Amino acid sequence: MRMLQLIKRICKQVLRDKRTLALLFLAPIFVITLLNYIFPDPDDEVTIAAVNVNDEVIDILEDNDIIVKQENEMDIQSYLEEGNASGVLEEKDGNWTLTILNDNPMDEGPAIQGSSQAVMETNLNDLSDNIDNMISNMEDMSAGVEEMMEQLPPEVAENMDINMDTNINTDIDSEIDMDNDPISVEYIYGDESNTFFEILNPILVSFFVFFFVFLIAGMSMLKERSSGTLEKLLSTPIRKSEIVFGYLFGYGIFAILQTAIIILYSVYILDMEIAGSISNMFIINIFLSFVALGLGLLLSTFVSSEFQMIQFIPLVIIPQIFFSGMLNVDTMETWLQWIAPIMPLYYAGNAMIDVVLKGFTFGEILAPLSILFLFIVVFVTLNILGMRRYRKV
Amino acid sequence: MMQLSNMSKSFGKQTILQDVSIDISANQITGLIGPSGTGKTTLIKCLMGMEKYDTGSIQIDDTAVPNRKLLNKIGYMAQSDSLYHDLTGLENIQFFAHMYGRKISNKAVQSTLNLVQLEQDKNKLVAHYSGGMKRRLSLAIALINQPEYLILDEPTVGIDPVLKLNIWDQLHDLKKESTLLITTHIMDEAMKCDQLLLMKNKGIAASGTPQEILENFGVSDIDQVFLKLEEIEYANASAD
Ligand SMILES: Nc1ncnc2c1ncn2[C@@H]1O[C@H](COP(=O)(O)OP(=O)(O)OP(=O)(O)O)[C@@H](O)[C@H]1O
Ligand SMILES: [Mg+2]
């Protein structure tokens, strides 16, 4: 009853505060959209300038959707600085050189990959031509030997006991099939190479849920403390747990709405591909948003101004990004591997990747969900205990 | 009946209240007066169970403080306005009324608003209230659940003289059902109390009806009592 009134009050306050509403709903959409367009499309074409490069290599480059500009000798650095191409490929005395500025890995990566592949393929072609030559030489040779044998007297030939297999298999398929990639890549999850954004997106969804909910819950609890209304509230017979749960569910409503909007927007407007079910994405993020609520409320206990609340962001929020599945925790320093398990975003981010990219089912994400739930229980308990500062019972 | 016996309270090394024993009798207005920083607010917070006291005991209606259920019987007005600025006056009252868990009729809300003369402005956001209006709204909130005990920490600061008289009349009316404890710095308000508690030096320096106190100290107004107390203290100090 009291809790319901508290929830009603919070809803009223949030709905009246247009800026908070914008921060909750528009800000994450804006940032996610921005990121979607900032990361280049892998199908975008890369331009390479070719100097002294034979037509065969150029053909292969062009087959791989690389735009090739044939150029003469030039000042490579200024040519690249002017943005004419992502790299310059040269051949000198059989040595291949690709020059890049090394300031834009997004375009230069594909340039390096494309040109080394082209050079490798030409070398392979040469090799297979050589093999062809060798085989035809051998055929000539064996024909010569046979001829010779026929001219020898029969008894000599028998004694020599040369078991000449004259049927050298001349059907050897010496033609290496150049239409295929030199390496064929098998994808265990998904069916094409994931762009960075595709890996990042599910993590970002969770990050925004975490960040904005943390901020808004923390700020409003801080306001409640500094305006004296929390103390006033505690002078009424309300239970401390009713306050904490009232806050949790009051802001929880908005957290759930925000989660829904971010997820639906990512999936339906930005076409984020999801291998698993969208409802599992909801569940993970709703759990996470309640963790963020609990943490925000708790940290507001330790600050006395909004500025101090902001200071917690680089301390508490930013480090969590690194552990959220973007980087492989298993290969980090040992002490970092110990830190990862205390971060809620570590569980949520990895669970999101599991659902979105690997199509994990609800049963398979049960473990991270239980840990997130544990976080909620711990934060709620600490919050209730923290209220003792204002009232002893 | 509110009873403090041998209650002490300190913040860290600073002792604020030492061996304070008070009986606050029912259906009377008890005024708690004393210089700024003597611990009036601290005493009130201990009485409500919001602050922990170190030794002694506090009882309200034979129930030991702190006790959450006791808060049902208490209406409290803090020294600083504790209002939701993004809600209207009426919404503030209604919200706190619900916190007492009792059904509070619209009529009761209306008459409380009339008492503090906020009927006109009840639908304004508190952010747009004047200082005195906020004070009046806080008072209305303390009265809303018709509490047995009313604890008001400087209720009339920033309220104009006419309204102040009006409010004091109402407070005397409330005595029929309630016991009131009020702090104030205004001496003619002190004179309107039934009982006075004078706080000085970590404890109660004098108590009784205003008339008794004036007679005991042989002075004509309460301000002079504090001057007298200083003199006595000074005399004692130089005698040592
Ligand atoms: N939370 C606290 N921590 C430390 N010291 C405190 C705390 N609250 C009050 N004090 C100190 O206790 C003393 C009494 O404060 P209190 O607010 O009770 O005074 P008061 O009698 O209500 O004064 P005023 O008439 O100005 O309201 C002051 O010296 C104050 O600094
Ligand atoms: Mg005070």
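In the predicted model, chain B contains an open sheet of 6 strands, arranged in the order E6-E7-E8-E3-E9-E10 and mixed in its pairing. The edges of this sheet are formed by strand E6 (74-77) and strand E10 (203-208) of chain B, each of which pairs on one side only. Neighbouring strands are turned against each other by 15° on average, when direction is ignored. At one edge, E6(B) runs parallel to strand E7 (residues 149-153) of chain B, and the two are joined over 4 bridges. Within this pairing, B:Tyr76 has B:Ile151 of E7(B) as its bridge partner.

Two helices of chain B may be described together with this sheet. Helix H4 (residues 131-143) of chain B lies across E6 and E7 of chain B, and its direction is at about 170° to that of E6(B). Helix H8 (residues 222-239) of chain B also packs on the sheet, where it touches strand E3 (29-33), strand E9 (195-200) and E10 of chain B. The direction of H8(B) makes about 40° with that of E9(B).

Chain A is divided by the domain assignment into domain 1 (2-38 + 195-389) and domain 2 (46-132). Domain 1 of chain A is thus built from two separate stretches of the sequence, whereas domain 2 of chain A is a single stretch. The centres of the two domains, taken over C-alpha atoms, are separated by 48 Å.

A second open sheet is found in chain A, where 4 strands follow the order E2-E1-E3-E4 with mixed pairing. Strand E2 (66-71) and E4 of chain A are its edge strands, each pairing on one side only. From one strand to the next, the twist averages 25°. In the interior of the sheet, strand E1 (residues 46-51) and strand E3 (residues 87-92) of chain A are parallel and share 4 bridges. Along this pairing, A:Ala50 has A:Leu89 of E3(A) as its bridge partner, while A:Val51 stands opposite A:Glu90 in E3(A). In a regular strand, side chains alternate between the two faces of the sheet.

The pairing of E3(A) with strand E4 (residues 95-99) of chain A is antiparallel and extends over 5 bridges. One of the residues paired here is A:Val88, whose bridge partner in E4(A) is A:Thr99. E3(A) and E4(A) form a hairpin with 2 residues between the strands, and in this hairpin A:Asp93 takes a positive phi near 50°.

Helices also cover the sheet of chain A. Helix H3 (residues 55-63) of chain A packs on E1, E2, E3 and E4 of chain A, with a direction at about 150° to that of E2(A). Helix H5 (residues 105-151) of chain A lies across these strands, E1, E2, E3 and E4 of chain A, and runs at about 50° to E1(A).

The two chains meet at an interface to which chain A contributes 27 residues and chain B contributes 28 residues. The size of an interface is often expressed as the accessible area lost when the parts come together. Between chain A and chain B, about 2,700 Å² is buried, and carbon and sulfur atoms account for 60% of this area. On the side of chain A, A:Lys232, A:Pro237 and A:Lys392 supply 24% of the area buried against chain B, more than any other three residues.

Polar and charged groups also take part in this interface. There are 11 residue pairs in polar contact between chain A and chain B, and 4 salt bridges are counted between the chains. In one salt bridge, A:Lys12 is joined to B:Glu91, with the closest N and O atoms 3.6 Å apart. The elements giving two or more residues to the side of chain A that touches chain B are helix H1 (2-16), helix H7 (196-226) and helix H8 (229-234) of chain A. Of these, H1(A) gives the most, with 7 residues.

Over all chains, the count comes to 15 salt bridges. Side chains of opposite charge can pair when their charged atoms come close. Within chain A, A:Glu224 forms a salt bridge with A:Arg9, and the closest N and O atoms are 2.8 Å apart. This pair links distant parts of the chain, since A:Glu224 belongs to helix H7 of chain A and A:Arg9 to helix H1 of chain A, 215 residues apart.

How values were computed: Residues are numbered from 1 along each chain as its sequence is written. Chains are lettered from A and ligands numbered from 1 in the order in which they are written. This is a predicted model: local features need pLDDT of at least 70, side-chain atom pairs count only at pLDDT 80 or more; totals for chains, interfaces and linings use all residues. Side-chain values use heavy atoms; hydrogens and water are left out. Domain bounds come from an automatic or database domain assignment. Two strands pair if DSSP finds at least two bridges between them. Axes are lines fitted to C-alpha atoms, for helices over the stretch in contact, and angles run from 0 to 180 degrees between N-to-C directions. Contact means heavy atoms within 4.5 Å. Buried area is the accessible area (1.4 Å probe) that two parts lose on being put together, summed over both. A salt bridge is a side-chain nitrogen of Lys or Arg within 4 Å of a carboxyl oxygen of Asp or Glu. A polar contact is a pair of N or O atoms within 3.5 Å; within protein, one must be able to donate a hydrogen and the other to accept it, and residues adjacent in sequence count only if both atoms are side-chain atoms.
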